[in-house]
Amino acid sequence: MTMETFLGLYNYWIVIFLMMTGFYIVIARGNLIKTIIGLNIFQTSVFLLYITMGKVTGGIAPIVSESDGHGAENHDAGHEHDAVNSAAEHAFNGSGAFESGAETATESGEFESGIETGVDSWVQTVGYDEPIADGVAGHANDAISEVVYSNPLPSVLMLTAIVVGIATTALALALVVRIREEYGTIEEDEILEMDRNS
Amino acid sequence: MIEQHLPILLIALPLLAAPLIVLLGGRRRAYILALTVCWCVFGIAVAVMSRVLGTGPISYELGGWPSPYGIVYVVDYLSAFVMLFVSGIGAIVLTYAPASINREIPLSKHYLFCATYLLCLTGLLGMCITGDLFNVFVFLEISSLSSYALISLGKTRRAPMAALQYLILGTIGATFFLIGIGLLYQMTGTLNMADIASRLESVDGSKTKLVAFAFMTVGLCVKMAVFPLHTWLPNAYTYAPSVVTCFIAATATKVSVYAFIRLVFGIFTPHFAFEEMPLGDALMIFSLVGIFVASTAAIYQTNIKRLLAWSSVAQLGYMLLGISMANVGGLSAGIVHMFNHALIKGGLFMVVGCFVLQIGSVKLEDLRGAGKTMPLTSFAWVIGGLGLIGIPMTAGFVSKWLLLTSAVGAGLWPVGIFMLLSSLLAVVYVWRVVEILYFSEPSKLAEKATEAPIQMLIPMYVVIGATIVFGCWTEFSIGIAHEAAVSLVGSVTSGGTP
């Protein structure tokens, strides 16, 4: 593993560090409140794991159109021009890129075709796991690849997990309150000692 | 019209009823509403089961969103079967409950008990029905959180401590499961189980897959209380109110076993789990060791609830033993044992609930001679105990026989011998209680005791009777378990059904 990949994965190192810290606290600490804090750190590390994987360099919002990603062809050029973002415009401006890819473009339709391919590349980058469209829209890709896209799904999942975590913490604290009322202590050793003697 | 929406009603009904009960309040009202909902849910589960038997698996798209994008609920043989007995046990236990909870749970908390009970049921059913992996986690947490709360309702001061210990281990298990889901999502970009299964095929030899598998297996093993990770179970079962123990002992670990089966056979495929990974050997060793250690521990208990709790750990070993064989025979034996053990353990804990109500103690020495003053309850223990040992004509025999034949069929003679030896241990701990009940001088408490009220005896005998019925009439349980096992093991080539 080179230094670069090591540093590139720094988010994951933090995740593992937090995870092990939390886990260690849960195992090693006898104080019930500290155990719950450890449990919280442990859960938080998972939130970070999900959020990290939600960041996609060069990703784009997954807009699925009905005709399998080529729906934009039905629109007129002017409309497309509005819809396409600056990246696609960039592709159009870099007219040199057309030569290789836009074989089907007629003379009159060259402008339109350029936009279309731009749109296609835009649509084809639907979802980060699709290969980035090559060829014509290379410039567009350059622009897109600089964008760090945040996949909303992991964030939404983590909102749910945070709620679960809060519920768990609240319940655990409520139990600790009851334990304190019954035993007068929140040290696990002392509680077990009292149980043995009773 | 409504028939199409039965799968979602199964979840929505108890989920909506729970907050409604809290809002309404009132002890009687809450109980009647909860009971009605439980029986309705059981009725829906029966209807869904009959539809699955008639027309094959049902797939329900939530909100009409098509399957890989939206959340889908899938009811096939296995999930319909598990939901059927979970909702059945849920309804019967709640019918049995009033007298017992009057004694064991403060009156002011009854409506909260009813609401939490329904939430727990929702979570368990949701884990069975959903075809979305993250949904499994959410439902797992719903059922777990409500079961922690239910356990902490116990009267002794040890109940909150037992609940907290379960909470800590359970949360670690669930978080492990969540990490696994995250890694799977990272590899496949989807949460739909069937979709993950089909995409995972192309990810071979990846370390991420291995790590995800390890995290999810360990996480579920905590929830299943597989032998070395079972430490939360004896205390939780012992100190929870009797009714809660009946319900949780009969359903919660079984549903985790169900989720495990889905994970191994539906998502990771048996080829990966059993051939590339040594899951089969590992499970077999842990379950055999677990059966022996837990059965031996059960023999030395002086508390009847703790005795049954240890026996639960042992019985869970038999289910995993079936799964570890990874063939149709073993898997269907494991599935049938889930069902049979749910009935047997549910019934036996109901017997204990009657003893607690009438004698007021769970110590074996206080139960001495209860056979004379509580003949019907004691007799139910004998029948349930025979089922636990696996005497012919009881449900326990059916699954153990299936397990034995498939072990021998697979050439695993030592496993067969171990199983027979371990059944002898079960004879010892069941007989110990029988001897105390029938052949000892009555203790002071047992002498004064009277027979349990009829409202408790009837549900108890329904469950205990069911162990005899399903011991003799095996077509239903074995038939469905076989269908389920065939579709799971046979799904190796097709990439798995959700």
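## Helix crossing between chains

A crossing is left-handed if the near helix is turned anticlockwise from the far one by less than a right angle. In this predicted model, H9(A) passes H6(B) in just such a left-handed crossing.

Two packed helices are described by the angle between their axes and the distance between the axes. Here the pair is helix H9 of chain A, residues 152–183, and helix H6 of chain B, residues 158–188. Their axes come within 9 Å and cross at roughly 165°. H9(A) is therefore roughly antiparallel to H6(B), because angles over 145 degrees count as such.

## Make-up of chain A

Chain A has 198 residues, and 38% of them count as buried. Its secondary structure comprises 10 helices and 2 strands. Read from the N terminus, the order of elements is α-α-α-β-α-α-α-α-α-β-α-α.

## Nonpolar surface patch

Chain A carries a nonpolar surface patch of about 870 Å². Its members are Met3(A), Phe6(A), Leu7(A), Leu9(A), Tyr10(A), Trp13(A), Ile14(A), Ile16(A) and Met20(A). Two helices of chain A, H1 (3–8) and H2 (10–28), each supply at least two residues. Which helix gives the largest share of the patch? H2(A) does, with 5 residues.

Met20(A) is one of the patch residues and is found in helix H2 of chain A. Is Met20(A) buried, exposed or partly exposed? Its relative accessibility is 44%, so Met20(A) counts as partly exposed. The partly exposed class lies between the buried limit of 20% and the exposed limit of 50%.

Note on methods: Residues are numbered from 1 along each chain as its sequence is written. Chains are lettered from A and ligands numbered from 1 in the order in which they are written. This is a predicted model: local features need pLDDT of at least 70, side-chain atom pairs count only at pLDDT 80 or more; totals for chains, interfaces and linings use all residues. Side-chain values use heavy atoms; hydrogens and water are left out. Patches are made of residues with over 30% relative accessible area and no salt bridge: like charges are joined within 9 Å, nonpolar side chains (Val, Leu, Ile, Met, Phe, Trp, Tyr) within 5 Å. Accessible areas come from the Shrake-Rupley method with a 1.4 Å probe; for residues, only the protein chains shown count as cover. A salt bridge is a side-chain nitrogen of Lys or Arg within 4 Å of a carboxyl oxygen of Asp or Glu. Helices (H or I, at least four residues) and strands (E, at least two) are DSSP runs, numbered from the N terminus. Buried means under 20% relative accessible area, exposed over 50%, partly exposed in between (1.4 Å probe, protein chains only). Axes are lines fitted to C-alpha atoms, for helices over the stretch in contact, and angles run from 0 to 180 degrees between N-to-C directions. Angles under 35 degrees count as roughly parallel, over 145 as roughly antiparallel, 65 to 115 as roughly perpendicular and the rest as oblique.
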